Amino acid sequence: MSESYSKPKLIQVGLVVRDLDKTMEQFKILLGAEPNRVIEKSPAAPGPKYYLGEERDFYQRAALYQMNGIEFEILQPYNDRSALTDFLDEHGDGIHHVAFDTDNFDAFEKHLNENGVQLIQTGPNSRHPALKWGFFNTNDKLGTMIEVTNFEEVAKLEAHEKEKK
């Protein structure tokens, strides 16, 4: 795989809360917004999940809103320690991360590592075997954590697979 990647695209803002139902109700009252989708248990795909290098059994409920082309994700963590529970313990409810999509997850992760930014949480997904996601600790450099995904990279793989058929 190539070591290059295109400029990552902003795709999401993530909020972490203690009470998802209460926050969804406030989104409806204050913004007139209803979620496009509510997920009761995420990640749902089988496989190990890791936080700070240790396997963990974390989950979260999620409400997903589409707002002017950007996804707004509200998360309520449960079950085990994670980047989300640690954020709540330290800061309370608030903006936890900004997510970016890349066309080469591994190359972008390497770039982040070379600049002193480490992957702190990742796990399985149920959308595609090549789809990756991870939280990177950029709090001291950017003022917030970032999440990186590779939807664009997966779309290219899927297009290539169709061409071969």
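This passage describes the overall build of a predicted model, then its pockets, and then a few residues worth a closer look.

The chain folds into five helices and ten strands. Its radius of gyration is 16 Å, close to the 15 Å that the globule rule gives for 165 residues, so the chain is as compact as a globular protein of that length. Taken along the principal axes, the box filled by the C-alpha atoms is roughly 50 × 35 × 30 Å. Of the 165 residues in the chain, 43% are buried. Contacts can also be sorted by how far apart the partners sit in the sequence. Among contacts with a separation of 6 or more, 64% are between residues 24 or more positions apart. On the outside, the accessible surface comes to about 9400 Å², and carbon and sulfur atoms account for 50% of that surface.

The pockets come next. The largest pocket holds about 710 Å³ of space. Several strands contribute to its wall: strand 1 (9-16), strand 2 (37-42), strand 5 (59-67), strand 6 (70-78), strand 9 (133-136) and strand 10 (145-149) each give two or more residues to the lining. In total, 33 residues line this pocket, and those that lie nearest its centre are Ser42, Glu73, Arg127, Glu147 and Phe151. Sorted by class, the lining has 16 nonpolar residues, nine polar ones and eight charged ones.

The second largest pocket offers about 210 Å³ of space. Its lining consists of 15 residues, with Phe87, Glu90, His91, Asn139 and Met145 lying nearest the centre. Helix 2 (83-91) and strand 7 (94-101) each supply at least two residues of this lining, and the largest share, five residues, comes from helix 2. By class, seven of the lining residues are nonpolar, six are polar and two are charged.

Phe108 gives a view of the inside of the chain. This residue belongs to helix 3 (residues 105-114). Phe108 counts as buried because its relative accessibility is 8%, and buried means under 20%. Leaving aside residues up to four places away in sequence, Phe108 touches Tyr5, Pro8, Thr102 and Val148. A distance along the helix's wider surroundings can be added to this picture: Leu131 is 23 residues apart from Phe108 along the chain, and the C-alpha atoms of the two are separated by 14 Å.

The backbone has some details of its own. Most residues other than glycine have a negative phi, and most peptide bonds are trans. Against that background, three places in the model deserve a look. The peptide bond from Ser42 to Pro43 is cis, with omega near -5°. Pro43 is found in the loop between strand 2 and strand 3 (49-51), while Ser42 is among the residues nearest the centre of the largest pocket.

Leu52 is not a glycine, yet its phi is positive, at about 50°. The loop between strand 3 and strand 4 (54-56) is where Leu52 sits. With a relative accessible area of 45%, Leu52 is partly exposed. Asn79 is not a glycine either, and its phi is also positive, at about 90°. Asn79 lies in the loop between strand 6 and helix 2. Its relative accessibility is 52%, so Asn79 counts as exposed, the cut-off for exposed being over 50%.

Note on methods
Residues numbered from 1 in each chain as written. Predicted model: local features only at pLDDT ≥ 70, side-chain atom pairs only at ≥ 80, totals over all residues. Heavy atoms only, no water. 1 Å grid on protein atoms, 1.4 Å probe; cavity = no way out; pocket = protein on both sides within 12 Å on 5 of 7 lines; lining within 4 Å. Points joined across faces, edges and corners; volume = space filled by probe spheres on them. Helix = DSSP H or I, 4+ residues; strand = E, 2+ residues; numbered from the N terminus. Nonpolar A, V, L, I, M, F, W, Y, C, P; charged D, E, K, R; others polar. Rg over C-alpha atoms; globule rule 2.2 N^0.38 Å. Buried < 20%, exposed > 50% of the residue type's maximum accessible area, 1.4 Å probe, protein only. Contact = heavy atoms within 4.5 Å. Areas by Shrake-Rupley, 256 points an atom, 1.4 Å probe, with all protein chains shown as cover.
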